[in-house]
Amino acid sequence: MYDENLSLITLEAGQDLSTKQFFCVSVAADGQIDPTGAGAVVEGILQNDPSAAGAAATVATAGISRV
């Protein structure tokens, strides 16, 4: 695993993201993080694996991250 100079933010997960660690994520209209859909803008890379909606989701918004 390799990461470097990550800028991290923490937001709420919009759903169970326990299988989405290191996936591209986006901020939904409700302000929560969801996996990025086709054609959507990537906000960052999920760094942890929150298992429920409302749990803390750590997102890398800059730097080099595993994907």
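In this predicted model, F22 counts as buried because its relative accessibility is 12%, below the 20% under which a residue is called buried. This phenylalanine sits in the loop between β1 and β2. Its backbone also deserves a look: F22 has a positive phi of about 70 degrees, although it is not a glycine. For a reader new to backbone angles, it helps to know that most residues other than glycine have a negative phi.

A second residue, N5, invites comparison. N5 also shows a positive phi, here of about 50 degrees, and it is not a glycine either. N5, however, belongs to strand β1. Is N5 buried or exposed? With a relative accessibility of 63%, N5 counts as exposed, because the cut-off for that label is over 50%.

Strand β1 leads on to the sheet. Five strands make up an open sheet, and following the order across it gives β1-β5-β4-β2-β3, with antiparallel pairing. Why is one side of β1 and of β3 left without a neighbour in the sheet? Both β1 (4-12) and β3 (33-35) stand at the edges and have a single partner strand each, so one side of each stays without a neighbour there. On average, neighbouring strands of this sheet are turned by 45 degrees against each other, direction ignored. In general, the strands of a sheet pair through backbone hydrogen bonds.

The edge at β3 can be followed down to single residues. Strand β2 (residues 24-27) runs antiparallel to β3, and three bridges join the two. Within this pairing, V25 has P35 of β3 as its bridge partner.

Technical notes:
Residues numbered from 1 in each chain as written. Predicted model: local features only at pLDDT ≥ 70, side-chain atom pairs only at ≥ 80, totals over all residues. Heavy atoms only, no water. Pairing = 2+ DSSP bridges. Helix = DSSP H or I, 4+ residues; strand = E, 2+ residues; numbered from the N terminus. Axes fitted to C-alpha atoms, helices over the stretch in contact; angles between N-to-C directions. Buried < 20%, exposed > 50% of the residue type's maximum accessible area, 1.4 Å probe, protein only.
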